[in-house]
Amino acid sequence: NKISESNDYYEVSRFAEVKGSIIHEILQFEIKENDLSEYTKQKIKQIIPLDEYDETLAQNLVDEINTEVKMYYDSKIYERIKNYREYLNEKQFYVKKENYFLFGIIDKLIIYEDGYIIVDYKTDNIKPDEIKVRANEYLTQLKFYALLVTKYFVNVSKLKILLIFTKQPDNFIEEEISPDELKIFESQLDKMAFEMRSLSLIKNKNHCSFCSFSINKKDCIIA
């Protein structure tokens, strides 16, 4: 029945949300491999309410998180990333536009001699043949981050985005974002902001199945 389906969806979504949150924290604080199990157990106890805590479920979650993080730690892309010496983890950006503010949190911003690399981690349950399509769904978010970086720092000469799916770490997506691309994106963003503020924005319901704010991946949260 619909109630059962809704509850099942809620549990799966909640499980994925807790897992994603903990993996992001592990990568933010650069938790060592030997400390993963204990750190993950403590985080799960902090996040899940005591009356909902289940030892077996918690251990399964610990095992899944640790396996995924270790797979990333063993990847070629991690080997490359850890060699950069200057970076910011979970960096918050507030940028003022003419009549509104932009805000975003970048998982990892690498600063190197030629420019910046925006690293974004995704904990989606994904297969290799799904990566290109799924990556395209996140492209707007990554361009938004790129815009934040160019507005926050002066004279950004080179800017790359690096999208890493933790279940498939070496099947990453890396692209350079050109100034022309960002000009077009900024124009689209200004138009969208104006339409939102004037209540004239037309909802794209085809995107609901991908939107993290949608209800059961079906319905728009905005009535």
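Two strands count as paired if DSSP finds at least two bridges between them. Strands (E, at least two residues) and helices (H or I, at least four) are DSSP runs, numbered from the N terminus. This is a predicted model, where local features need pLDDT of at least 70, side-chain atom pairs count only at pLDDT 80 or more, and totals for chains, interfaces and linings use all residues. Residues are numbered from 1 along each chain as its sequence is written, and side-chain values use heavy atoms, with hydrogens and water left out.

**Exercise 1. Work out how strand E2 pairs with E1 and E3, and whether E2 is enclosed or not.**

Step 1: Start with E1 (residues 87–96). It runs antiparallel to E2, and 9 bridges join the two. Asn 89 sits opposite Lys 108 in E2. The link is a hairpin, with 4 residues between E1 and E2.

Step 2: Go on to E3 (residues 115–122), which is antiparallel to E2 and joined to it by 5 bridges. Here Ile 111 faces Tyr 116 in E3. Again you get a hairpin, with 2 residues between E2 and E3.

Step 3: Check burial, where buried means under 20% relative accessible area, exposed over 50%, and partly exposed in between (1.4 Å probe, protein chains only). In E2 (residues 101–112), 9 of the 12 residues are buried, so the strand is largely enclosed by the rest of the structure.

**Exercise 2. Check the length of helix H2 and find which side of it is buried.**

Step 1: The expected span is 1.5 Å times one less than the number of residues. For the 12 residues of H2 (residues 36–47) that gives 16 Å, and the end C-alpha atoms are 16 Å apart, so the two agree.

Step 2: List the buried residues of H2: Leu 36, Thr 40, Lys 43 and Ile 44. They cover an arc of only 100 degrees around the axis (taken from the directions from the axis to the C-beta atoms), which puts them on the same side of H2.

Step 3: Recall the rule behind this: an α-helix has 3.6 residues a turn, so residues three or four places apart point the same way.

**Exercise 3. Place Phe 185 and say whether it is buried or exposed.**

Step 1: Look in helix H7 (residues 179–197), where you'll find Phe 185.

Step 2: Its relative accessible area is 8%, so Phe 185 is buried.

Step 3: Now compare with Asp 124: Phe 185 is 61 residues from it in sequence and 25 Å away in space, C-alpha to C-alpha.
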